[in-house]
Amino acid sequence: MAPMTPSESDAHQQLLDSLDLTLMPRPFRNPHWKPSQRRNKNIKQIVAEASRKEASVLVTQTNSGSSTPHLPHSAVGTGAATPLPATTLVHSNIAQAAQNLSTIVLERNLQASLASGPMATYTNIESAPSLHPAHQKHYCDITGLPAPYTDPKSRLRYHNKEVFEVVRNLQQGQAEKYLEARGAHVVLK
């Protein structure tokens, strides 16, 4: 192959520079990407928001009748206010009675819950942990890692295949000592 002339060498170098991928800018993010408009909340935020909402409903229902004053009869007679038909008064009284009833129910429920202290409900984060055996996590007696398996012979819990080989190679007294440390040792008399 014949040596390149300087003009061919320059053209060749320009071609290499134009095809070089390391010189191209590569932004980290897609320029058309936009953040999600949805905001995820954890359970504590949801419960706090629900309790705030319930408290504000209680306050607004309590103040709803007292904050709107009744117009005096003289204002209706002078033309300062439009008189309401009789049917509207009946419906407003029913609506107000229903609102007062719901306010009374909410107040009694709130007083009952405050008087007895905090209740453990499905919305209360501060309830005690479950003591049901299905919810307890089992740990490996040898390594302390989560143990999905139990050896039927020695009743030791183990994490994986390698630990199972160690469990099977233990002597009888050693397996019982591991069970005793866990509190699952059975003493026959």
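A residue counts as buried when its relative accessible area is under 20%, as exposed when that area is over 50%, and as partly exposed in between. With this scale in hand, Phe164 can be placed straight away: its relative accessible area is 24%, so Phe164 is partly exposed. The model described here is a predicted one, and the same scale serves as a guide through the rest of its features.

The overall layout comes first. The protein contains 6 helices and 2 strands. Read from the N terminus on, these elements follow the order α-α-α-α-β-β-α-α. Of the 189 residues in the protein, 10% are buried. The accessible surface amounts to about 16600 Å², and carbon and sulfur atoms account for 59% of that surface. Contacts along the chain can also be sorted by how far they reach: among those between residues at least 6 apart in sequence, 31% join residues at least 24 apart.

Phe164 belongs to a small group of aromatic residues. A search of the whole structure finds 2 aromatic pairs. One of them joins Tyr149 and Tyr158, whose rings are stacked, with 5.5 Å from centre to centre and 25° between the planes. The other joins Tyr158 and Phe164; here the ring centres are 4.8 Å apart and the planes meet at 40°, so this pair is tilted. As a reminder for reading such numbers, a pair of aromatic rings is described by the distance of the centres and the angle of the planes. Together, the ring pairs link Tyr149, Tyr158 and Phe164 into a cluster. How do the two tyrosines of the cluster sit with respect to the surface? Tyr158 has a relative accessible area of 12%, so Tyr158 is buried, whereas Tyr149, with a value of 42%, is partly exposed.

Tyr158 also leads to the next feature, the nonpolar core. In soluble globular proteins, nonpolar side chains tend to be buried together. In this model the largest nonpolar core has 8 residues, namely Cys140, Ala147, Leu156, Tyr158, Val163, Val167, Ala175 and Leu179. Helices α5 and α6 each supply at least two residues of this core. Leu179, one of the core residues, can be followed a little further. Leaving aside neighbours within four places in sequence, Leu179 is in contact with Ser154, Arg155, Leu156, Ala184 and His185. Leu156 in that list is a fellow member of the core.

Next door in sequence to Tyr158 comes His159, which lies in the loop between β2 (157–158) and α5 (161–168). The relative accessible area of His159 is 27%, so His159 is partly exposed. Beyond the residues up to four places away in sequence, His159 touches Cys140, Thr143, Leu145, Pro146, Ala147, Pro148 and Tyr149. Several names here are already familiar: Cys140 and Ala147 come from the nonpolar core, and Tyr149 comes from the aromatic cluster. With Pro146 there is also a polar link, as the side chain of His159 reaches the backbone oxygen of Pro146 at 2.7 Å. The chain also brings His159 and Tyr139 to a C-alpha to C-alpha distance of 7.7 Å, although 20 residues separate them in sequence.

Charged side chains complete the picture, with a count of 3 salt bridges. In one of these, the side chains of Asp151 and Arg168 meet at 2.8 Å, N to O. This pair links distant parts of the chain: Asp151 is in the loop between β1 and β2, Arg168 is in helix α5, and the two are 17 residues apart. Asp151 has a relative accessible area of 2%, so Asp151 is buried; its partner Arg168, at 37%, is partly exposed.

Another salt bridge joins the side chains of Arg182 and Asp141, at 3.1 Å from N to O. Here too distant parts of the chain are linked, since Arg182 is in helix α6 (residues 172–182) and Asp141 is in the loop between α4 (86–115) and β1 (149–150), 41 residues apart. Which partner of this bridge is buried, and which is partly exposed? Asp141 is the buried one, with a relative accessible area of 15%, while Arg182 has 28% and counts as partly exposed.

The salt bridge between Lys41 and Glu49 has a distance of 2.6 Å, N to O. In this pair Lys41 is partly exposed, with a relative accessible area of 36%, and Glu49, at 40%, is partly exposed as well.

Methods. Residues are numbered from 1 along each chain as its sequence is written. This is a predicted model: local features need pLDDT of at least 70, side-chain atom pairs count only at pLDDT 80 or more; totals for chains, interfaces and linings use all residues. Side-chain values use heavy atoms; hydrogens and water are left out. Helices (H or I, at least four residues) and strands (E, at least two) are DSSP runs, numbered from the N terminus. Buried means under 20% relative accessible area, exposed over 50%, partly exposed in between (1.4 Å probe, protein chains only). Contact means heavy atoms within 4.5 Å. A polar contact is a pair of N or O atoms within 3.5 Å; within protein, one must be able to donate a hydrogen and the other to accept it, and residues adjacent in sequence count only if both atoms are side-chain atoms. Accessible areas come from the Shrake-Rupley method with a 1.4 Å probe; for residues, only the protein chains shown count as cover. A salt bridge is a side-chain nitrogen of Lys or Arg within 4 Å of a carboxyl oxygen of Asp or Glu. Rings of Phe, Tyr and Trp (its six-membered ring) pair if their centres lie within 6.5 Å; planes under 30 degrees apart count as stacked, over 60 as edge-to-face and the rest as tilted. A nonpolar core is a set of buried Ala, Val, Leu, Ile, Met, Phe, Trp, Tyr and Cys residues joined through side-chain atoms within 4.5 Å.
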